[in-house]
Amino acid sequence: MNEPIRILHIVTYMGRGGLETMIMNYYRNIDRSKVQFDFLIHRDEKADYDDEIEHLGGKIYRLPKLNPFSTLYLKKLDEFFKEHKEYRIVHCHQDCLSSVPLKYAKKHGVAFTIAHAHSTSQDKNIKYMIKIIAKRNIAKYADELFACGYEAGKWMFNTNDFTVLNNAIDTELYIYNKNKSEKTKLKLGINDKLVIGHVGRFNTPKNHKFIIEIFEEIKKIKKDSVLLLVGDGSLRADIEKIAINKKIYEDIKFLGVRDDVNDIMQVMDVFLFPSLYEGLPVTMVEAQSSGLKCFISDKVPSQCIITHNVDVISLEKQPTYWADKIVNSNYDRKNTKESIVKKGFDIKSNAKWLEDFYIKNY
């Protein structure tokens, strides 16, 4: 029996973020007797998906944090590709900085390289200009350009051609079941409340401060409301302090990182997603697959609107406006699987396409 071809994915780390969840959705559904995934990771600490990766047959390699000006990092990167000549395909998910590892992959003879865009912007911090300069070199070192959506591809790759690879999911896991929803609500003690939900890492783009402000206004209109926040991140403590100061902390459930997002979405009545910028969020695909009514900002790419269950609201609008729209929305939740599959977001066919793509270019 022939051994599977091995694809090296370059990531920051494999926590339960949108990018990482997308990769794992493909990894679980690809034919691993033909194609195996290995991971080059830029963190020492163990992450959420590491055990599953190794269980599925993947290898994990670790490097220091990606820093294009660090001689130590560049030396380690150079040594890695010098020692690992077995990789003929490298698939990089480092957004603007993808040009850095791909340059060294090419230097050491990697036959086929892929850069994958997952965002439409970057935080405007001290690293911003470095990233903007680095992204200009991506096409020089990548043989193929992938993007999670059209807007992410245009922002990352400018005039270069790219292929949209949908952030597909296993739609069967998210089908709405009213009985399951009611039982889980009862278990969480929220059966008689309006449940507002959000799934996302606690970082700047997700706009958690604004979520808290909206929820504060929702509470004024509908007292029996609860907010579920799934995820973790560097800003979580700050958001918790804001909730305490506004005296609504007891009405918010900070659920942390979860491996049962599909079940948590069953108990939500509304999905709130007022991001400052996004690529094409996999959580929006999941929420719509769950039949949820979604309220998103005008900064979230329109390509993520798969069903008729999505209302787009400008970030210029005040929290009171958002709250009024949410509380007074009239929506009958139902099974939306057919719509998701028709729009090309079911993982089965997407994983087969990616599998064939890798094999063809190996």
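**Exercise 1. Is isoleucine 7 buried or exposed, and what surrounds this residue?**

Solution. The model is a predicted one, and the first step is to place the residue, since isoleucine 7 lies in strand β1. The second step is to read its accessibility: the relative value is 0%, and the cut-off for a buried residue is under 20%, so isoleucine 7 counts as buried. The third step is to list its contacts beyond the neighbours within four places in sequence, which are Val35, Gln36, Phe37, Asp38, Tyr87, Ile89, His91 and Tyr358. A separate distance adds to this picture, for isoleucine 7 and phenylalanine 39 are 32 residues apart in sequence, yet their C-alpha atoms are 8.3 Å apart in space.

**Exercise 2. In what order do the seven strands of the open sheet stand, and which are the edge strands?**

Solution. Reading across the open sheet gives the order β3-β2-β1-β4-β5-β6-β7, with parallel pairing. The edge strands are β3 (60–62) and β7 (163–164), each of which pairs on one side only. The individual pairings can then be followed from β1 to β6. Strand β1 (residues 5–11) pairs with β4 in the parallel sense over four bridges, and here isoleucine 10 stands opposite cysteine 92 of β4. On from there, β4 and β5 (residues 112–117) are also parallel and share four bridges, with valine 90 opposite threonine 113 of β5. Finally, four bridges join β5 to the parallel strand β6 (residues 144–147), where glutamate 144 is the bridge partner of isoleucine 114.

**Exercise 3. Describe the surroundings of strand β4: which of its residues are buried on each side, and of what β-α-β unit is β4 a part?**

Solution. Begin with the two faces of β4 (residues 89–92), both of which are covered. On one side Ile89 and His91 are buried, and on the other side Val90 and Cys92 are buried. Next, follow the chain onward: β4, helix α4 (residues 99–107) and β5 make up a β-α-β unit that is right-handed. The loop between β4 and α4 holds aspartate 95, whose phi is positive, about 45 degrees, although this residue is not a glycine. As background, most residues other than glycine have a negative phi. Aspartate 95 has a relative accessibility of 12% and therefore counts as buried.

A second residue can be set beside this one. Lysine 247, found in the loop between α10 (236–245) and β10 (252–256), likewise is not a glycine and has a positive phi, near 60 degrees. Its relative accessible area is 73%, so lysine 247 is exposed, whereas aspartate 95 is buried.

**Exercise 4. Why is helix α1 described as largely enclosed by the rest of the structure, and what covers its buried residues?**

Solution. Consider the geometry to begin with: α1 (residues 18–29) has twelve residues and reaches 17 Å from its first C-alpha to its last, close to the 16 Å expected at 1.5 Å a residue. Then take the burial, since nine of the twelve residues are buried, and for this reason the helix is largely enclosed by the rest of the structure. The buried residues are Leu19, Glu20, Thr21, Met22, Ile23, Met24, Asn25, Tyr26 and Tyr27. What covers these residues includes β1, β2 (35–41), α2 (50–55), β5, α12 (282–289) and α15 (347–360).

**Exercise 5. What lines the largest cavity, and which residues lie nearest the centre of the second largest pocket?**

Solution. For the enclosed space, the count comes to one cavity of 30 Å³ or more, and the volume of the largest cavity is about 40 Å³. Its lining consists of His9, Met22, Ile23, Tyr26, Phe37, His91, His93, His116, Leu165 and Leu354. Helix α1 gives the most to this lining, with three residues.

For the open space, the second largest pocket contains about 310 Å³ and is lined by 18 residues, of which Tyr176, Asp269, Tyr331, Asp332 and Arg333 lie nearest its centre. The elements that give two or more residues to the lining of this pocket are α8 (178–188) and α13 (319–327), and the largest share, four residues, comes from α8.

Methods
Residues are numbered from 1 along each chain as its sequence is written. This is a predicted model: local features need pLDDT of at least 70, side-chain atom pairs count only at pLDDT 80 or more; totals for chains, interfaces and linings use all residues. Side-chain values use heavy atoms; hydrogens and water are left out. Buried means under 20% relative accessible area, exposed over 50%, partly exposed in between (1.4 Å probe, protein chains only). Two strands pair if DSSP finds at least two bridges between them. A crossover is right-handed if, with the strands pointing away from the viewer, the path from the first strand over the helix to the second runs clockwise. The expected span of a helix is 1.5 Å times one less than its number of residues. Contact means heavy atoms within 4.5 Å. On a 1 Å grid over the protein atoms alone, a cavity is a set of points where a 1.4 Å probe fits but cannot get out, and a pocket is an open set with protein on both sides within 12 Å along at least five of seven lines; lining residues have an atom within 4 Å of a point. Grid points are joined across faces, edges and corners, and a volume is the space filled by probe spheres set on the points.
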